[in-house]
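Visitor: Please pick one part of this model and take me through it closely, then show me what goes on around it. I'd like the cut-offs spelled out as you go.

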Amino acid sequence: MNFETVADAEEFLVRSTSLVVDEARHNLFRGILGNIIERPDAFADYKMFLVVEGDRPLCAALLTQPYNLIIADTACDEAIQALVAGVR
């Protein structure tokens, strides 16, 4: 299991898509990511994180300062632990 910071928003969208399938549950996550893609200057500071195992995403998260971290559905509890360790 690996923690990654992804710099490119379109790459992050492609790699995290399987975790944000439920549109109603992930409307905030998807909306913020859409704004980052369409208007990269909309947020002064943002970060995108993935926890992966091989090519399979297990956890995805967005951080737009000064707001809180937004976490998509995760594939397993261990992915949350890896995310927390990586974000610190």
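**Helix α2 and its surroundings**

Guide: Let's start with what α2 leans on: its buried residues pack against α1 (9-16), β2 (46-53), β3 (56-64) and β4 (70-71). Contact here means heavy atoms within 4.5 Å, and buried means under 20% relative accessible area, with exposed over 50% and partly exposed in between (1.4 Å probe, protein chains only). Helices (H or I, at least four residues) and strands (E, at least two) are DSSP runs, numbered from the N terminus.

Before going on, keep in mind that this is a predicted model, where local features need pLDDT of at least 70 and side-chain atom pairs count only at pLDDT 80 or more, while totals for chains, interfaces and linings use all residues. Residues are numbered from 1 along each chain as its sequence is written, and side-chain values use heavy atoms, leaving out hydrogens and water.

Back to the helix. α2 covers residues 27-38, and its end C-alpha atoms sit 16 Å apart, which agrees with the 16 Å that 12 residues should span at 1.5 Å a residue (the expected span is 1.5 Å times one less than the number of residues). Which of its residues are buried? They are Phe29, Ile32, Leu33 and Ile36. These four take up an arc of only 95° around the axis, so they lie on the same side of α2 (the arc is that of the directions from the helix axis to the C-beta atoms). The spacing rule behind this: an α-helix has 3.6 residues a turn, so residues three or four places apart point the same way. On the other side of α2, Asn27 and Glu38 are exposed.

Two of those buried residues turn up again from the strand side. Thr64, in strand β3, touches Ile32 and Ile36, along with Phe43, Asp45 and Tyr46, leaving aside residues up to four places away in sequence. Thr64 is itself buried, at 5% relative accessible area. A little further along, a cis peptide bond joins Gln65 and Pro66, with omega about 5°; Pro66 is in the loop between β3 and β4. For context, most peptide bonds are trans.

Asp45, one of the contacts of Thr64, also has a charged partner: Lys47 forms a salt bridge with Asp45, their closest N and O atoms being 3.4 Å apart. A salt bridge is a side-chain nitrogen of Lys or Arg within 4 Å of a carboxyl oxygen of Asp or Glu, and by that rule the count comes to five. Both Lys47, at 34% relative accessibility, and Asp45, at 31%, count as partly exposed.

Another pair involves α1, one of the elements that the buried residues of α2 pack against. There, the side chains of Glu4 and Arg15 meet in a salt bridge at 2.7 Å, N to O. That pair links distant parts of the chain, since Glu4 is in strand β1 (residues 2-6) and Arg15 is in helix α1, 11 residues apart. Glu4 is partly exposed at 25%, as is Arg15 at 26%. Glu11 joins these two in a network of salt bridges.
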